[in-house]
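This report looks at how aromatic side chains are arranged in a protein model, and then turns to one polar residue.

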Amino acid sequence: MKDFAASDPTALLDDLIVCPQCDAAYRMKKPNNGERAVCQRCHKVLIAPRRNAGLHIIAVALAVLFLIIGAAVFPFLTIDAAGNKNAVSILDAALAFSGGPMIVLSLATAALIIFVPLARVLLTLYVLVPVVLDRPAARHAIRAFRISEALRPWSMAEIFAIGCAVALVKVADLATVGFGPAFWMFGILVVLVIAQDSFMCKWSVWYRLEHPKNS
């Protein structure tokens, strides 16, 4: 790992990059593919360009898109207790309290574990596909990417997975629990979402959006 960031108070604003973790300002020097620019104060990675990163992110985003749809539709768990067997999907679980005032909680749960990740995937594809194809940025691409980043803390698929793991430990003593196809889809989905977020160099995306190609 190489540190390309160096403090320089005389640098022009266009040449500055600010660490999102500790707000330290540096004069920007773009590293080569496979290298990283890191903050000297908190060691936050500021720039990490990778060769063909856009294609990889688009491929992962498409996989996440199909997995979200499949995980929401197919059975997530089957529970067999005292001869009564029932299969439930993620949407069924999220909308379990759809009556009365609890509908707000149900809608919020469905949004956080399904619709927010789905929105982020669609926004990512909308922003990155023209960029990767060396086309002019899509209309309102900067706003779309900003919304995608703002939704990041509200995408809680990983939290749902941890909650399911805790609940299964308790339910396993009371009933026979089987894993449906959506369970495995959701497990892969969580891994891919984390990989996509860690693999994306946000500075590179912002730079391409703010300096679009004319052809």
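## Aromatic pairs and a buried glutamine

Phenylalanine 145 has a relative accessibility of 1% and therefore counts as buried, the cut-off being under 20%. The model is a predicted one, and a search of the whole structure yields six aromatic pairs. In one of these, phenylalanine 145 and tryptophan 206 meet edge-to-face, with 4.9 Å centre to centre and 75° between the planes. This pair links distant parts of the chain, since phenylalanine 145 belongs to helix H4 (residues 141-151) and tryptophan 206 to helix H7 (residues 202-210), with the two residues 61 residues apart. Tryptophan 206, at 23% relative accessibility, counts as partly exposed.

A further pair is formed by phenylalanine 179 and phenylalanine 183, whose ring centres are 4.1 Å apart and whose planes lie at 10°, so the pair is stacked. Phenylalanine 179 is itself partly exposed, with a relative accessible area of 43%. Both phenylalanine 179 and phenylalanine 183 belong to one aromatic cluster, which also includes Phe76, Trp184 and Phe186.

The two pairs are set out below.

| Pair | Centre to centre | Angle between planes | Class |
|---|---|---|---|
| Phenylalanine 145 and tryptophan 206 | 4.9 Å | 75° | edge-to-face |
| Phenylalanine 179 and phenylalanine 183 | 4.1 Å | 10° | stacked |

Glutamine 196 is placed in helix H6 (residues 181-199), and with 7% relative accessibility this glutamine counts as buried. Leaving aside residues up to four places away in sequence, glutamine 196 touches Ile57, Val60, Ala61, Val64 and Thr124.

Definitions and conventions: Residues are numbered from 1 along each chain as its sequence is written. This is a predicted model: local features need pLDDT of at least 70, side-chain atom pairs count only at pLDDT 80 or more; totals for chains, interfaces and linings use all residues. Side-chain values use heavy atoms; hydrogens and water are left out. Helices (H or I, at least four residues) and strands (E, at least two) are DSSP runs, numbered from the N terminus. Buried means under 20% relative accessible area, exposed over 50%, partly exposed in between (1.4 Å probe, protein chains only). Contact means heavy atoms within 4.5 Å. Rings of Phe, Tyr and Trp (its six-membered ring) pair if their centres lie within 6.5 Å; planes under 30 degrees apart count as stacked, over 60 as edge-to-face and the rest as tilted.
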